[in-house]
Amino acid sequence: MGLLLLGKCYLDINEWGNALENFQQCEALHIANPNLPFQFVYKKIYDGIIDSYLGLKEFSKAQEYTHKLEKKVKSLKGEKSKAYAYVISKMGDLCTAQEDFDKALQHYERSREILLQTCGEKHSKFAKCLNKIAWTLYRKSDFELSYELNIKAMTIIKNNGGRLPKKDIQKVEELALLLSVIYA
C-alpha cells in the first residue's frame, strides 16, 4: 500500500518516472499475490501506470495498459458497469493526450451513456465525465456547448456536496474561469 501511495504522490508532482516505478512494483506484487481485490489492482495500479505513461508521453505503453484494463474490466464487470465507463474515459484521456479530440469525445460520450444508465445524471462520476467532455469541446473551440456542460457539471457537484476529489473540482472551476473570460 505504501508503494501505491508514494506513486500517487509522485503523480501529483508530475514525477512520472518515479511514479511509474512505484506502480510497476505494485503490479509485480499483484502478480505474486493474485488474490488482491479487483479495485486495488485494476483501478489503482493500472490507473497509475497509465497516467505515468501519459505523463511521459509514451502513448503506446499507455494504450497497452488501457487495453489490459479494458479486457479485465469487461470480463469481471461487463460493459454496462461504472468500472467499464471509467476505462472508456481513460481511453478518452489517452486520445486527449495525443490531441485526437474527436476520438476522445467518442470515448467520453460512450462513458457518459454508461454512467447515465448505471448511476444517473445526478452522480458525481457523471459530473466528472461531463467536465471531460466540456474540456474537450473547449479544446475544439466549441465554447458554447463546453460552457453548458461545465455549468451542468458544476450544478451536479454543488448538489452532491462536492463529492469529488479536490483536483477534479479544480478542473471544473478552472474551465469555468476560462469560459467566463470568453463570455464576459
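Start by selecting Phe-101, which sits in helix H6. This is a predicted model, and H6 is where confidence in the chain is highest, at a mean of 95. Is Phe-101 buried or exposed? With a relative accessibility of 17%, Phe-101 falls under the 20% cut-off and so counts as buried. Now show what surrounds Phe-101: setting aside residues up to four places away in sequence, the side to look at holds Thr-96, Thr-136, Arg-139 and Lys-140, which Phe-101 touches. Pick out Thr-136 from that group. Along the chain, Phe-101 and Thr-136 are 35 residues apart, yet their C-alpha atoms are separated by 6.2 Å.

**Next: H6 beside H7**

Thr-136 leads you to the neighbouring helix, so colour residues 101-118 for H6 and residues 124-139 for H7. The two axes come within 9 Å and cross at roughly 160 degrees. That angle is over 145 degrees, and H6 and H7 are therefore roughly antiparallel to each other. If you want the handedness too, H6 passes H7 in a left-handed crossing. Turn on side chains to see who makes the contact: from H6 the list includes Phe-101, Tyr-108 and Leu-115, and from H7 it includes Phe-126, Ile-133 and Thr-136. Sorted by class, the residues of this contact come out as eleven nonpolar, two polar and five charged.

**Next: the other side of the story for H7**

Keep H7 on screen and add H9, residues 166-182. Go a little carefully here: H9 is where confidence in the chain is lowest, at a mean of 76. The axes of H7 and H9 come within 10 Å and cross at roughly 35 degrees. This crossing, like the one you just looked at, is left-handed. On H7, select Lys-128, Asn-131, Ala-134, Trp-135 and Tyr-138. Their partners on H9 include Asp-168, Val-172, Leu-175 and Ile-182. What classes of residue make up the contact of H7 with H9? There are eight nonpolar, one polar and four charged.

**Next: H4 and H5**

Move back along the chain to H4, residues 59-77, and H5, residues 82-97. Their axes come within 9 Å and cross at roughly 165 degrees. H4 and H5 are therefore roughly antiparallel to each other, and their crossing is left-handed. Among the contact residues are Phe-59, Thr-66 and Val-73 of H4, along with Tyr-84, Val-87 and Met-91 of H5. By class, you are looking at ten nonpolar, three polar and three charged residues.

Zoom in on Thr-66 while you are here, in helix H4. Thr-66 has a relative accessible area of 2%, so this residue is buried. Which residues does Thr-66 contact, leaving aside neighbours within four places in sequence? They are Ile-50, Val-87 and Met-91.

**Next: Cys-26**

Now jump to helix H2, residues 16-32, and find Cys-26 there. Cys-26 has a relative accessible area of 4%, so Cys-26 is buried as well. Beyond the neighbours within four places in sequence, Cys-26 is in contact with Leu-3, Leu-4 and Ile-45. Try a distance label between Cys-26 and Ile-45: these two are 19 residues apart along the chain, with 6.6 Å between their C-alpha atoms.

**Next: two loop residues**

Two stops in the loops are about backbone angles. Most residues other than glycine have a negative phi. Asn-14 is not a glycine, but its phi is positive, about 60 degrees. You will find Asn-14 in the loop between H1 (2-12) and H2, where its relative accessibility of 48% counts as partly exposed.

The second stop is Glu-99, in the loop between H5 and H6. Its phi is near 60 degrees, again a positive value in a residue other than glycine. Is Glu-99 buried or exposed? Its relative accessible area is 61%, so Glu-99 is exposed.

**Last: zoom out**

Finish with the whole chain in view. How many helices and strands are there? The chain has nine helices and zero strands. Of its 184 residues, 42% count as buried. Among contacts between residues at least 6 apart in sequence, 56% join residues at least 24 apart. Colour by confidence to close: the chain averages a pLDDT of 85, and 89% of the residues score at least 70.

Note on methods. Residues numbered from 1 in each chain as written. Predicted model: local features only at pLDDT ≥ 70, side-chain atom pairs only at ≥ 80, totals over all residues. Heavy atoms only, no water. Axes fitted to C-alpha atoms, helices over the stretch in contact; angles between N-to-C directions. Helix = DSSP H or I, 4+ residues; strand = E, 2+ residues; numbered from the N terminus. Parallel < 35°, antiparallel > 145°, perpendicular 65-115°, else oblique. Left-handed = near helix turned anticlockwise from the far one by under 90°. Contact = heavy atoms within 4.5 Å. Nonpolar A, V, L, I, M, F, W, Y, C, P; charged D, E, K, R; others polar. pLDDT = per-residue confidence, 0-100. Buried < 20%, exposed > 50% of the residue type's maximum accessible area, 1.4 Å probe, protein only.
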